[in-house]
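Thanks for coming. I will go through one structure this morning, starting with the overall picture and then moving to single residues.

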Amino acid sequence: MPRYARDFITQVVLRADFVSGTAPFAGPFPAELLPALEEYPERNSINRSRTEVRVQKGLQGPIKDTRTINFVEHNFWIPGRTRHAAVCSEYVFLSQQHYEGYEPLREGFLELMDAMVRQFPALKLRRLGMRYVNEIKLPEADAGPGLGADFWEHYVNPWLVSGLRFAANDGAMARHMCTTELNYGTDRATIRYGIFNSEYPRPNRRREFIVDTDTYCQSPMEPAAVAAKLDDYHAAACQVFEAAVTDALRARMGKE
């Protein structure tokens, strides 16, 4: 995959959700998991809950069973809080704000997953996902003038910016976000792109274009399959980004 001297990745999230009951935390945080979290000196724990709905067949039709699952989410941060890990009976996730490459993030997540499997040998996943958020920010004067399609089609695939022409007025548009969902059977991808505008509902005044790619699987999975899946999802996220941008943006990013 291409490497760039400059990227626009503002967040990467790797997350595994567990089949209920396969990671039975009880009492204090398991000491056996701490070696995988040595880089994370800042820690806290938060009480959380989620609602689970099950529908079963009854003699008089479907019966909906709703229950609330309470659990404790244990959070860990590296100094500066640019990387955040969360571990609990329901899921594990790793979130990185200042991207330092895929390999160190992958290794950190797999180390944490391996520790979970050693602690809970019956562990099974019900969902695995990877999300890359790219915020393409081009405030530099030499990037060119404008805020709408005429500006962005120079840097972003014209097929992704054609909807901006519908507004037909750079001065009035407040937000333009689109969503494309792809279904590959057990693997899915959700791609969100466009002008988000953090000052919404005010008219947009920033040259910022979002390409947000969420790849995931919502089928039961053994932990041993996680590494290969992450590699597939990373490759897919890279392909989406490369298809979404033009050579003019690659030149600004400094392809290595």
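What share of the 256 residues of the chain counts as buried? The figure is 45%. Buried here means under 20% relative accessible area, exposed means over 50%, and partly exposed is what lies in between, with a 1.4 Å probe and protein chains only as cover.

Some ground rules before the details. This is a predicted model, in which local features need pLDDT of at least 70 and side-chain atom pairs count only at pLDDT 80 or more, while totals for chains, interfaces and linings use all residues. Residues are numbered from 1 along each chain as its sequence is written, and side-chain values use heavy atoms, with hydrogens and water left out.

Now the general layout. The chain has six helices and nine strands. Both are DSSP runs numbered from the N terminus: helices are H or I with at least four residues, strands are E with at least two. Along the principal axes, the C-alpha atoms fill a box of roughly 60 × 55 × 35 Å.

Next, the inside. A nonpolar core is a set of buried Ala, Val, Leu, Ile, Met, Phe, Trp, Tyr and Cys residues joined through side-chain atoms within 4.5 Å. The largest one has 38 residues, and the members that touch the most others are F18, V87, F109, M116, L128, V226 and L230. At least two residues of this core come from each of β1 (9-18), β4 (83-87), β5 (91-96), α1, β6 (125-137) and α5 (226-244). Which of these gives the most to the core? It is α1, with eight residues.

Helix α1, residues 102-119, also holds E103. That residue belongs to a negative surface patch, together with E38, E107, E111 and D114. For such a patch, residues must have over 30% relative accessible area and no salt bridge; like charges are joined within 9 Å, and nonpolar side chains (Val, Leu, Ile, Met, Phe, Trp, Tyr) within 5 Å. E103 has a relative accessible area of 43%, so it is partly exposed.

On to salt bridges, which means a side-chain nitrogen of Lys or Arg within 4 Å of a carboxyl oxygen of Asp or Glu. How many does the structure hold? There are 21. I will show three pairs and one network.

The first pair I picked is R81 with E42, where the closest N and O atoms are 2.9 Å apart. This pair links distant parts of the chain, with R81 in the loop between β3 and β4, E42 in strand β2 (residues 42-58), and their positions 39 residues apart. R81 is partly exposed at 41% relative accessible area, and E42 is also partly exposed, at 29%. R81 has another feature to note: its phi is near 55 degrees, a positive value in a residue other than glycine.

Another pair is E100 with R83, with the closest N and O atoms 3.8 Å apart. Again distant parts of the chain are linked: E100 is in the loop between β5 and α1, R83 is in strand β4, and they are 17 residues apart. Are the two partners buried or exposed? E100 is exposed, at 56% relative accessibility, whereas R83 is buried, at 8%.

The pair R250 and D247 is a local case. Their side chains meet in a salt bridge of 2.7 Å, N to O. Both lie in helix α6 (residues 247-253), three residues apart, which is about one turn of the helix. R250 is buried, with a relative accessible area of 14%, while D247 is exposed at 60%.

As for the network, R6, E140, D142 and R252 are linked by salt bridges.

Last, the backbone in the loop between β8 (187-195) and β9 (208-217), where P201 sits. The peptide bond from Y200 to P201 is cis, with omega near 15 degrees. N197 is found in the loop between β8 and β9 as well. N197 has a positive phi of about 65 degrees although it is not a glycine, and at 6% relative accessibility it counts as buried.

One more buried residue is Y155, at 4% relative accessibility. Y155 is placed in the loop between α2 (149-152) and α3 (158-161). That is the end of my list.

Notes:
Areas by Shrake-Rupley, 256 points an atom, 1.4 Å probe, with all protein chains shown as cover. Lys, Arg positive; Asp, Glu negative; His and termini not counted. Charge placed at Lys NZ, Arg CZ, Asp CG, Glu CD.
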